[in-house]
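Colleague: I am new to this model and would like a close look at one part of it, with the surroundings explained as you go. Please keep to plain terms and say how each one is defined.

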Amino acid sequence: MTAVKQLERVVRPAPIGLRFRDVATGGVVGQGLRVTVTSMRNPARHATLDVNGKGVWYARRFPGFSDDALANAPDWTLLRQPCLVEVDDPAGRFLPLRIVIDLPERGIVDWPGWGDLPQDLLLPLANDASPPAISPDALPLFSSAGRTAPAPLAEIRCQLLRDDGGPAAWALLTASHGGEVRAIGQADAQGRAVLFFPYPERPRASLATSPPAITDFRWAIEVAAHWDGLDPAKPPEFAALMAQLDHPRTLFASTLSPPEPLPSQLLSFGRGLVLRTDSTPDGPSSCLVMAAS
């Protein structure tokens with residue numbers, strides 16, 4: 001067998017590397033996306049990202065960043081410029097993602113804004129470490145309303161309508177059980193939202209009674225909404241989207257006077273839960289009404 005001698009090795013620095021995580025399953029999304037990056041100083045500088053076998057989306061070249069400049073600069077800080085990354089899913093599984101980041105960036109891009117957000121509401125995005133922690137190097141992709149539940153996950157759906165008549169475009173929703181946030185989801189431009197999450201732990205069986213059938217398990221779920229008047233005409237920038245967690249809004253079971261907030265909802269194993277406002281001046285609504293302020 002003839003030995004192969006490596007004469008030289010070429011290393012080409014990549015100015016961008018991104019990883020995306022499916023909020024529903026927690027898995028890395030390594031296929032099926034269309035990811036582009038555009039310089040905000042010069043929109044003619046534009047590139048489409050490829051994905052490698054480890055689920056990292058990257059661009060070998062980006063106009064304005066030459067290989068020589070990237071290879072020879074000891075510090076990329078002086079080369080950085082704000083760039084818009086746009087993520088779309090032609091298969092319709094995920095809502096679009098728009099995020100502004102400074103490039104070039106060595107390694108996987110870490111979004112620095114996580115620490116400014118309410119950490120208890122981010123628990124569904126955290127890992128299983130103790131204590132749970134957000135992985136800053138993976139950006140979340142929220143499920144679109146048209147996505148089928150990835151079994152065997154629980155499913156909650158609704159269409160959010162503001163009490164002033166408009167859709168609660170791009171609002172964030174959380175679902176909690178036992179005082180712990182179990183799911184986070186995003187509404188689309190029409191206010192349609194879906195949350196997928198693992199079922200909570202089953203209640204322990206008592207020695208005095210027979211354990212119930214699996215289809216008889218039910219959990220009380222508290223649902224909360226967060227909205228800050230984002231423009232429905234275009235997908236929001238990621239920082240503005242997540243900043244909505246500081247703007248909770250009341251959900252209504254009834255908008256008749258006096259209005260009644262939405263109580264805990266019973267989630268049954270194997271059945272999707274659809275949320276609506278039962279009482280309005282015009283009768284039962286097919287939407288879930290949310291306070292606009």
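Which residue lies over the face of tryptophan 76, and at what distance from the ring centre?

Modeller: This is a predicted model, in which local features need pLDDT of at least 70 and side-chain atom pairs count only at pLDDT 80 or more, while totals for chains, interfaces and linings use all residues. Residues are numbered from 1 along each chain as its sequence is written, and side-chain values use heavy atoms, with hydrogens and water left out.

The residue over the face of tryptophan 76 is arginine 106, at 4.1 Å from the ring centre. A charge counts as sitting over a ring if NZ of Lys or CZ of Arg is within 6 Å of the ring centre and within 35 degrees of the ring normal.

Other aromatic rings meet each other. The structure holds eight aromatic pairs; rings of Phe, Tyr and Trp (its six-membered ring) pair if their centres lie within 6.5 Å, with planes under 30 degrees apart called stacked, over 60 edge-to-face and the rest tilted. One of the pairs joins tyrosine 199 and phenylalanine 269, which are tilted, with 4.6 Å centre to centre and 35 degrees between the planes. Tyrosine 199 lies in the loop between strand S13 (192-197) and S14, and phenylalanine 269 in the loop between strand S18 (265-268) and strand S19 (273-274), so this pair ties together parts 70 residues apart in sequence. Helices (H or I, at least four residues) and strands (E, at least two) are DSSP runs, numbered from the N terminus. Tyrosine 199 counts as buried, at 18% relative accessibility, whereas phenylalanine 269 is partly exposed, with a relative accessible area of 22%. Buried means under 20% relative accessible area, exposed over 50%, and partly exposed in between (1.4 Å probe, protein chains only). Ring pairs also bring in Phe217 and Trp219, which form a cluster with Tyr199 and Phe269.

Strand S11 (residues 172-177) can be described through its cover and its neighbours. Six of its six residues are buried. In a regular strand the side chains alternate between the two faces of the sheet. Leu172, Thr174 and Ser176 are buried on one side of S11, and Leu173, Ala175 and His177 are buried on the other. S11 pairs antiparallel with strand S12 (residues 180-186) over six bridges; two strands pair if DSSP finds at least two bridges between them. Strand S14 (residues 218-226) also runs antiparallel to S11, joined by five bridges. Serine 176 has a bridge partner in each: valine 181 in S12 and glutamate 222 in S14. S11 and S12 form a hairpin with two residues between the strands, where glycine 178 takes a positive phi near 60 degrees.

Strand S3 (34-39) is another covered strand. Five of its six residues are buried, so S3 is largely enclosed by the rest of the structure. S3 runs antiparallel to S7 and is joined to S7 by six bridges, with threonine 38 facing its bridge partner leucine 84 in S7. S3 also pairs antiparallel with strand S4 (residues 46-48) over three bridges, where valine 37 stands opposite alanine 47. S3 and S4 form a hairpin with six residues between them.

A smaller arrangement can be described alongside these: three strands form an open, antiparallel sheet in the order S1-S6-S5. S1 and strand S5 (50-51) stand at the edges with a single partner strand each, so one side of each is left without a neighbour in the sheet. Three bridges pair S1 with S6, and isoleucine 16 has alanine 59 as its bridge partner in S6.

S1, S3, S6, S7 and S12 are among the elements that give two or more residues to the largest nonpolar core. A nonpolar core is a set of buried Ala, Val, Leu, Ile, Met, Phe, Trp, Tyr and Cys residues joined through side-chain atoms within 4.5 Å. Of the 45 residues in this core, Phe20 and Met242 touch the most other members. The largest share, four residues, comes from S8. Not counting residues up to four places away in sequence, the contacts (heavy atoms within 4.5 Å) of phenylalanine 20 include Val35, Trp57, Val87 and Leu97. A second, separate core has 29 residues, among them Ala154, Leu160, Ala171 and Ala193.

For the chain as a whole, there are two helices and 20 strands, and buried residues make up 45% of the 293 residues.
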